[in-house]
Amino acid sequence: QLRCLATMVTLQGIPKDLDSYPRDLLLFVSPSDYAATGSCWQYFSNIGKANLDVLQRESSQRKQLLLEALACLKIPDTQINEENAEVLGRLVCDLSGEYIRSSGGILLKQLKQCESFLPEQEEAIRSVISSGNTKYGPPSTWSASTLNELSGLIPVFGHSILQKVPK
């Protein structure tokens, strides 16, 4: 339905008020088409807030969106800073474990919004959390509010991390 709506909306060209449409619709508008009304940065900022699960995980379309976002934000390697993590939003759910490790705790805020993870992503999240080099510190210093803040990631932690959390 969204693909059909995107086709109908863009039939006469890209409307100037495209940002007023639901963000999920933008998943079916290419960044180059969107460039007529805004920047690629603005496009991916909106995409990062869209429901990416409208597109099948591991689909070529989702992979292409992530590649184009990384190119737009001029991210040369696997390290993502806080500003770019904010723009990527839910697109971080598709980043490989290498990006998660290289970016340290920067991506945790966005990762906790993800519906599911691939095994390599889970391993990377556990590695980052176990290091203690995040704004949350080592698990042995966590409080109930820390666990509340990280609630979307708790299923990934596993026994080895959870046993270190004070009762």
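Me: Which residues lie nearest the centre of the largest pocket?
Reply: In this predicted model, the lining of the largest pocket is made up of 16 residues, and about 220 Å³ of space lies within that pocket. Those of the lining that lie nearest the pocket centre are Glu58, Lys63, Leu66, Asp94 and Leu95.

Me: Which element gives the most residues to the lining of the largest pocket?
Reply: Two elements, helix H5 (60-72) and helix H9 (119-131), give two or more residues to the lining of the largest pocket. The greatest contribution to this lining amounts to 5 residues, and the element that gives them is H5.

Me: How many charged residues does the lining of the largest pocket have?
Reply: Sorted by class, the lining of the largest pocket holds 7 nonpolar and 3 polar residues. The remaining class is the charged one, and its count in this lining is 6.

Me: From which element comes the largest share of the lining of the second largest pocket?
Reply: The second largest pocket, with a volume of about 170 Å³, is lined by Glu82, Glu86, Gly105, Ile106, Leu108, Lys109, Gln110, Lys135 and Tyr136. Helix H6 (82-88) and helix H8 (108-111) each supply at least two residues of that lining. By class, the lining has 3 nonpolar, 2 polar and 4 charged residues. The largest share, 3 residues, comes from H8.

Me: Is Ser45 buried or exposed?
Reply: Ser45 belongs to helix H4, which spans residues 40-47, and its side chain makes a polar contact of 3.4 Å with the side chain of Lys49. The relative accessible area of Ser45 is 12%, and the cut-off for this class is under 20%. Ser45 therefore counts as buried.

Me: Which element gives the most residues to the largest nonpolar core?
Reply: In soluble globular proteins, nonpolar side chains tend to be buried together. Here the largest nonpolar core has 43 residues, and those with the most contacts inside it are Phe44, Ile80, Leu88, Leu91, Leu111 and Ile125. The elements that give two or more residues to this core are H4, H5, H6, helix H7 (97-102), H8, H9 and helix H11 (154-157). With 5 residues, the element that gives the most to this core is H5.

Me: Which residues does Leu111 touch, not counting residues up to four places away in sequence?
Reply: Leu111 is one of the residues with the most contacts inside the largest nonpolar core. Once residues up to four places away in sequence are left out, the residues that Leu111 touches are Val92, Ile100, Phe117, Ile125 and Leu153.

Note on methods. Residues are numbered from 1 along each chain as its sequence is written. This is a predicted model: local features need pLDDT of at least 70, side-chain atom pairs count only at pLDDT 80 or more; totals for chains, interfaces and linings use all residues. Side-chain values use heavy atoms; hydrogens and water are left out. On a 1 Å grid over the protein atoms alone, a cavity is a set of points where a 1.4 Å probe fits but cannot get out, and a pocket is an open set with protein on both sides within 12 Å along at least five of seven lines; lining residues have an atom within 4 Å of a point. Grid points are joined across faces, edges and corners, and a volume is the space filled by probe spheres set on the points. Helices (H or I, at least four residues) and strands (E, at least two) are DSSP runs, numbered from the N terminus. Ala, Val, Leu, Ile, Met, Phe, Trp, Tyr, Cys and Pro count as nonpolar, Asp, Glu, Lys and Arg as charged, and the others, Gly among them, as polar. Buried means under 20% relative accessible area, exposed over 50%, partly exposed in between (1.4 Å probe, protein chains only). A polar contact is a pair of N or O atoms within 3.5 Å; within protein, one must be able to donate a hydrogen and the other to accept it, and residues adjacent in sequence count only if both atoms are side-chain atoms. A nonpolar core is a set of buried Ala, Val, Leu, Ile, Met, Phe, Trp, Tyr and Cys residues joined through side-chain atoms within 4.5 Å. Contact means heavy atoms within 4.5 Å.
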